[in-house]
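Reader: Hi! I've got a structure here and would love to talk through how its helices and chains pack. Could you have a look with me?

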Amino acid sequence: MTIRQTFLAKAALRSALLVSCLAMAAPAFAQNTTLNVAQQQDPQNLDPIDTFRLSWGSIGSNIFESLVFRGEDLELRPGLATGWEFLDDETRIRFTLREGVVFHDGEPFNAEAVKYTFDRLLGAEGSKGPQRSNYTSIREVVVVDEYTVDFLMQRPDPVLITKLAGYGAMIVPPKYIQDVGEDAFDMKPVGTGPFQVVEYTPTVGVKLAKFDNYWNGEAEVDEVNIRFIPEDATRIAELLSGGVDISMNIPTPSVETIKQNPNVDLVAVDGPTVVLTRFNTAHGITADPRVRKAITMAVDRNTIVQALLGGLASPISSAQGVKSFGNDPELEGYPYDPEAAKALLAEAGVATGTEITLDMPSNDDTFREVAQVIAAYLEQVGLKVNIRTHEQGVYFNDIIENGKTGEIYYYGWGGWTFDFDNTAYILYHTGERFNPYVSDAKLDELLDAQRQTYDRDVREVALQEVARYAHEQALDLPLYNTSTIYGVSTRVEGFDPAPDDRARYMNVTLK
Amino acid sequence: MTDTLQNPRLSRFTRFRQSRFAKFEFIAGSALTSMLALLVLFADILFPGGGTAVNLLERLSEPFQSGAHLLGTDPLGRDILARIVHGGRISLTVGLLSALGSVTLGTVIGLYAGYYRGFLDSFVMRFADVQLALPFILLAITVIAIVGPGIDRIIILMIVSQWVQYARLVRGSVLSLRQREFVQAAVSYGLPNRKIIFRHILPNAMGPLIILLTLNVANNILLESSLTFLGLGADPQTPSWGGMLSEGRSYIQTAWWITVFPGIAIMLTVLGLNLLGDWLRDELDPLGKTR
């Protein structure tokens, strides 16, 4: 009897346990799937017209859409517009809009929304942010009917269609913004994309949730939790420990670690970002083009790319990668030739042991190594390089902008349009914000001229000419085009790595 | 001062154990510190080139594989052992200079404040209280953000924030020494105050000062490493222990030797100095007054 009782008691206990297990399991099945993502930077503002950071692209591309869509293959396709045509001698571009699209707040997408978006971008609100200057070629957007708009052009803008696929041209909801105000929109914006913003906590992260009424299918995961982890080592540790499923901005030193981990894959694509060191062409020994050429010839880029960056980059001869429009495959960089470099330095009257300074932002682990290799190369031709590091914000907004750099300084730029115009204008046109030193009538003229035409052939010749001229004058030391590297957990499927950092999470599934 | 007084309160066994341990402390401590001092002194002869020679072909060589790179190489192919030895120079320079600087400043201020009392004393000591309340790392980060990073600045910062502890210590000793007969006698002889302070008071306040000094050197070596680790100290090219730790961080899973060896170097140095300091304390203060 006792035995039987025990047995019964045990059985009862077991079934009780089983039930409680089931009870626990049941909500687990119903639970939402959450994709965890880590990225280095906080865009600080989710409003598309207030930012130019790549860190916005990897969030905003999931929330917003624009008239033109450019996906992972960089081809331009219809987005919220189903088509467009050039009219009136290319001074008017007519867009036909997609019907049946709604914003996250239920507002309909139509011609009014497009007009509102561009009025806002080109008006007072837009002038507070950095995006407006990209779109000033548009004079006005005119509503033709509910689903047709005309863009009246101020001047030709050959990169406009590409630029309509990104950043400042994201379509925003007129009623919502007027209701909640601009400040609230910065923190909790509404778009037409596959995910809507649940919560944005500056410096911490963004939580996104699937938008059920999305016009173009349905996101596979219910939630995306994007966290900002500025510290490289912490971000990698989170990836390796399974805390995040996808980590963006993998620094080169961590590549080996990720390759060796069976639970994480390394995914790399050619990115838009080029890394160069620029010369102070106004002051010091680098004001002499011979010295600049000598420095360029003293550094072996191929070895840096192969040995130090593990081949996850390609050497460049101008400030653009091979995917960039305006890249001239014929243009060869200066060869690595330390002897010729020494001769040029001697010719320019630079004494052996002359000290020069290289400035760089302190948070870039990869470039810190590259900078030391550059210093070692330059030491071999008799230049002593002192590396000075600065806090990132100080570096870009003060040291570069106000021309306080030493002879050489770091510059990394991701022209997401993959059109050399974007990079070249910023680097070489007189008076640009991040161009403290270069001012050359010939470059200004070439750069301005190619902005006046839609003719791709004419533009390509002009942009190649800019690259060649910069090369001849040795205005900078082009180093390499970095790959955009993602660390992706093996439980993630369907992640298509975006070369331009604009990661999209709609088709991602979790095992 | 030199012959060890036996503490009557301690049992024979404890004394025996203590003396054995003291001997160990002395031998291990002085062996470690003198080894470090020798390495640092002869760094240029042992490893000419300063450990800065970049060789990308030999990057990330494993340790104990070749005689050329006994402790392996870092991501730029630089010899870890050479960098540790040269990095020790930075660490030791910072540790010694900052400790000597603050001990000098702090002692002088403490002596005068304790001897003369009055307004000077209360002003300096209230200032010291404020200074002690400021966390050093916070102060360092703020100042470095304004004036830019550099080893010289780190040393000055350490002096500025650490003289206080010496000043307080010395002032305390002076307050009690001032009441002692030999000082009273010196005063009644009509000796000038400066002479009384430096000839009669200072030598008797030295014991605890020296002890604090050794511990301070060790502590400042750690601090320098932390600051360089945070990117506030030595520039990237100068080999330093903290800098090596920081650079090796992203490689720790694939190339442990970049971080582990400088870490061991820091540990041994600090351990050596602490052991020496401990031994000195027992020697100079056998009755355990400062404990």
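Reader: Let's jump in: is the crossing of α3(B) and α4(B) left-handed or right-handed?
Author: Happy to help! Bear in mind that this is a predicted model. The crossing of α3(B) and α4(B) is left-handed.

Reader: Which residues make that contact?
Author: From α3(B) there are I109(B), Y112(B), A113(B) and Y116(B), and α4(B) brings in G118(B), L120(B), D121(B), V124(B) and M125(B). Sorted by class, the contact of α3(B) with α4(B) has 7 nonpolar, 1 polar and 1 charged residues.

Reader: And at what angle do α3 and α4 of chain B pack?
Author: At about 135°, with the two axes 7 Å apart. That angle makes α3(B) oblique to α4(B), because only angles over 145 degrees count as roughly antiparallel.

Reader: Switching to chain A: how do α14(A) and α16(A) pack?
Author: Helix α14 of chain A (residues 420–428) and helix α16 of chain A (residues 456–472) pack at about 40°, their axes 10 Å apart. So α14(A) and α16(A) are oblique to each other. The crossing of α14(A) past α16(A) is left-handed.

Reader: Nice. Who's touching whom there?
Author: F420(A), D421(A), A424(A) and Y428(A) of α14(A) meet L463(A), V466(A), A467(A) and A470(A) of α16(A). By class, that contact of α14(A) with α16(A) has 7 nonpolar, no polar and 1 charged residues.

Reader: Last topic: how many residues does each chain put into the contact between chain B and chain A?
Author: Chain B gives 17 residues and chain A gives 25 residues. On the chain B side touching chain A, they split into 9 nonpolar, 5 polar and 3 charged residues.

Notes:
Residues numbered from 1 in each chain as written. Chains lettered and ligands numbered in written order. Predicted model: local features only at pLDDT ≥ 70, side-chain atom pairs only at ≥ 80, totals over all residues. Axes fitted to C-alpha atoms, helices over the stretch in contact; angles between N-to-C directions. Helix = DSSP H or I, 4+ residues; strand = E, 2+ residues; numbered from the N terminus. Parallel < 35°, antiparallel > 145°, perpendicular 65-115°, else oblique. Left-handed = near helix turned anticlockwise from the far one by under 90°. Contact = placed C-beta atoms within 7 Å. Nonpolar A, V, L, I, M, F, W, Y, C, P; charged D, E, K, R; others polar.
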